[in-house]
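Reader: I have a protein model open on my screen and would like to go through it with you. Could you explain the terms as we meet them, and show me how each value earns its label?

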Amino acid sequence: MATIESILHETRLFVPNNTFVSQANLSSIEDYHSLCKEAEEDYLGFWGGLAREYIQWHKPFTQVLDESNHPFFKWFDDGELNVSFNCLDRNLEANSDKVAIIFEADDGNVTKVTYRDLHIQVCQFANGLRSLNIKKSDRLIIYMPMSIEVVVAMQACARIGAIHSVVFGGFSAKSLHDRIVDTAAVAVITADEQMRGGKGILLKPLVDKALDIGGAGSVRSVIIYRRTGTDIQWFNSRDIWWHELISDKPVYCEPEWVNAEHPLFILYTSGSTGKPKGIQHSSAGYLLGAMVSMKWIFDHKLADIFWCTADVGWITGHSYVAYGPLAMGATQIVFEGVPTYPDAGRFWKIIQDHKVTIFYTAPTAIRSLIKLGPELPKKYDLSSLRLLGSVGEPINPEAWIWYYKVVGQSRCPIVDTWWQTETGCHMIAPVPGVVPLKPGSCTFPLPGIMADIVDETGHEIENGKGGFLVIKRPFPSLARTIWGDPERFKNTYFPNDLGGKYYLAGDSANRDLDGYFWIMGRVDDVLNISGHRLGTMEIESALVANPLVAEAAVVGRPHEIKGEVVIAFVVLKGLCPQGDDAKRIATELRNWVSKEIGPIAKPEEIRFGNNLPKTRSGKIMRRLLRAIGRGEQITQDVSTLENPEILEQLKQSIT
Ligand code: WT7
């Protein structure tokens, strides 16, 4: 039976220190085990209890889970709530003067809003939307920079029961157009321009272009937040300024009470093939997932200063900027700019200036900050930090160690959180006051998440072997469907080869002999070398463990005898090597991999570049590297690529 081999052996273990443990929300293994046990023994009682405890219901639910239309599950279905009420009104009693958002603009300018201010802004904007005849279940596209206003826009949609779909501000007019058409949106909320790294990047003209393409006739209004005041073209028939829309609007807006299953938002995720999928999330189940993970995994308390660096264009920015922190009454940082402007110390400076206690970012950001300034964090006072987090990709053990020692000063646990756009919130991640950490492992599933690893026929795999990551029971925060394409939802995530029973994540993973989960990469990326099936992550981590290497990606190239051979794309910490230098370092790295994990994983070819092709969210696009490694034409869509120019360099650079 086909399993995937695990070849990476990481033995370092980091036990949470007493200072952290003594203050943690979950601080003893008994607390944790009793939650897990409760979930196992009475699954519905467990989730039903949490839903009653965490969410303020307008009308209580009577049924926890309806599985009759598998896999289109319904949770808490006859209950009624409003997500914006749960994020804002609920905080007005005890926390109205508490700062909800500390906004730091690209140029360093800081604006703070309290829960009271935010409530007023959301209410006025929600009333503004209603004045444009926007109603419950209407879809709106949000195409905005990171700002207080983008959070207001999302919350205002939730307040009136409208369904938002946020499109990342770095996406093209074409991507924007596709999402407008697919959702049949009635309005687009945008800004004139956004500021990133000292440069203005126009937004409104791209909306005009998207609407010009045709087929976007559903859009009646374009609401424009004035960010910089740059000149923009104006269409009286549809354009309206944000500030004019809210100017005369009442400061209270009655929430639209919606059913628990009412769609809160649609978020498009590209995946490796096919057209982007509009992942549709529910109201109550989604909110519950965002809240419990804030408590258990981020160990959040009211005194924290929370900072998730993700853009609201990604699920991370939905769950851990726009919804989770507010629902928990948090004070959080929203940052407009980029980590490297004015220099690569920006993140560390923000942590110092605002005394951030919980910091959550992506491995790609960590690796690039290591490359640009490994010593920089030492120049700043990072003593406020209590907990660090990582998301988006497997974090290579060497990057983990740097993050732990240099940023966290060996004091802060790191929560490596595995989850997906589709799962809505953390699925596998350490409860930081309880679980000893292993660098590169996301450790154990959250209580109530029945994650497992199976072979191609859906049978459980013994510890020590790799296979397909699945979740065996439905959970509240799981996406409900793909917008307009339920068949695709079913076929993609509940395929028949697994009996249609389990949620199939599309990742390969293994569990070590202690039961820790290790993510090995996307299933589509698995290599087959002389009959051994290997994930990409482990070979990449071995390369990154070499002191010369900043980043690495490996792909397979078909080979007559071996099946496939390993091709490695490598970015060094210094300059990109040329000629004989490149040859020498390539030989050194090949021997290194051979020594670290065995000759089986030794790259046949190494190509050096200044960077790797990445999506806008920082994920390495291995399918493009595969085409380069195989000498094929790149026929795939490269429109979501952050840095297309890098492809040429990698094509030329055979050693
Ligand atoms: C895919 C989901 C989760 C929000 C941001 C990305 C990879 C994500 C981890 C992690 C190893 C990870 C997986 C997953 N991934 N977090 N901690 N360790 N891999 O959301 O764009 O839907 O991507 O990202 O491959 O399937 P997404």
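Author: Gladly! Let us begin with what a strand is here: strands are DSSP runs of E, at least two residues long, numbered from the N terminus. By that count, Phe 76 lies in the loop between strand 2 and strand 3 (80-81). Please keep in mind that this is a predicted model.

Reader: What makes the phi of Phe 76 worth a remark?

Author: Phe 76 is not a glycine, and yet its phi is positive, about 55 degrees.

Reader: Why is Phe 76 called buried?

Author: Buried means under 20% relative accessible area. Phe 76 has 0% relative accessibility, so it counts as buried.

Reader: And why is Asn 133 called partly exposed?

Author: The class called partly exposed lies between 20% and 50%. Asn 133 has 44% relative accessibility, and therefore it counts as partly exposed. Asn 133 is found in the loop between helix 5 (115-131) and strand 6 (139-143). Its phi, near 65 degrees, is positive in a residue other than glycine.

Reader: Which residue has a positive phi just after helix 11?

Author: That is Gly 329, with a phi of about 70 degrees. As for helix 11 itself, 13 of its 13 residues are buried.

Reader: What is the omega of the peptide bond from His 70 to Pro 71, and what is the bond called?

Author: Omega is near -5 degrees, and the bond is cis. Pro 71 belongs to the loop between strand 1 (65-66) and strand 2 (74-75). The peptide bond from Tyr 341 to Pro 342 is cis too, with omega near 0 degrees. Pro 342 sits in the loop between strand 17 (331-335) and helix 12 (346-354).

Reader: Let us turn to the ligand. Which residues come nearest to it?

Author: Of the 16 residues around the ligand, the nearest are Asp 416, Thr 417, Gln 420, Thr 421 and Asp 507. The shell divides into six nonpolar, five polar and five charged residues. Helix 11 (315-327) and strand 25 (517-522) each supply at least two residues of that shell.

Reader: How do you know that Asp 416 makes a polar contact with the ligand?

Author: A polar contact is a pair of N or O atoms within 3.5 Å. A polar side-chain atom of Asp 416 lies 2.7 Å from a nitrogen atom of the ligand, which meets that limit. The side chain of Gln 420 has an N or O atom 2.8 Å from an oxygen atom of the ligand. For Asp 507, a side-chain N or O atom is likewise 2.8 Å from a ligand oxygen. Taken alone the ligand exposes 560 Å², and the protein buries 89% of that.

Reader: What makes His 281 a buried residue?

Author: The limit is under 20%. His 281 has a relative accessible area of 1%, so it is buried. The place of His 281 is in strand 15 (residues 277-281). A polar atom of its side chain lies 2.8 Å from the backbone oxygen of Thr 421, and the side chain of His 281 also reaches the backbone oxygen of Ser 477 at 3.4 Å.

Reader: How do you know that strand 21 and strand 22 pair?

Author: Two strands pair if DSSP finds at least two bridges between them. Strand 21 (residues 451-454) and strand 22 have four, in the antiparallel sense. In one of these pairs, Asp 452 has Val 470 of strand 22 as its bridge partner. Strand 22 is also joined by five bridges to strand 24 (residues 503-511), again antiparallel. There, Ile 471 stands opposite Tyr 503.

Reader: Why are two faces of a strand spoken of, and which residues of strand 11 lie on each?

Author: In a regular strand the side chains alternate between the two faces of the sheet. In strand 11, Ser 221, Ile 223 and Tyr 225 are on one side, Val 222 and Ile 224 are on the other, and all are buried. Strand 11 runs parallel to strand 8 (residues 187-191), with five bridges, and Ile 189 stands opposite Ile 223. Strand 11 also pairs with strand 12 (residues 239-241) in the parallel sense over three bridges, where Ile 223 faces Ile 240.

Technical notes
Residues are numbered from 1 along each chain as its sequence is written. This is a predicted model: local features need pLDDT of at least 70, side-chain atom pairs count only at pLDDT 80 or more; totals for chains, interfaces and linings use all residues. Side-chain values use heavy atoms; hydrogens and water are left out. A residue is near a molecule or strand if one of its heavy atoms lies within 4 Å of it. A polar contact is a pair of N or O atoms within 3.5 Å; within protein, one must be able to donate a hydrogen and the other to accept it, and residues adjacent in sequence count only if both atoms are side-chain atoms. Accessible areas come from the Shrake-Rupley method with a 1.4 Å probe; for residues, only the protein chains shown count as cover. Ala, Val, Leu, Ile, Met, Phe, Trp, Tyr, Cys and Pro count as nonpolar, Asp, Glu, Lys and Arg as charged, and the others, Gly among them, as polar. Buried means under 20% relative accessible area, exposed over 50%, partly exposed in between (1.4 Å probe, protein chains only).
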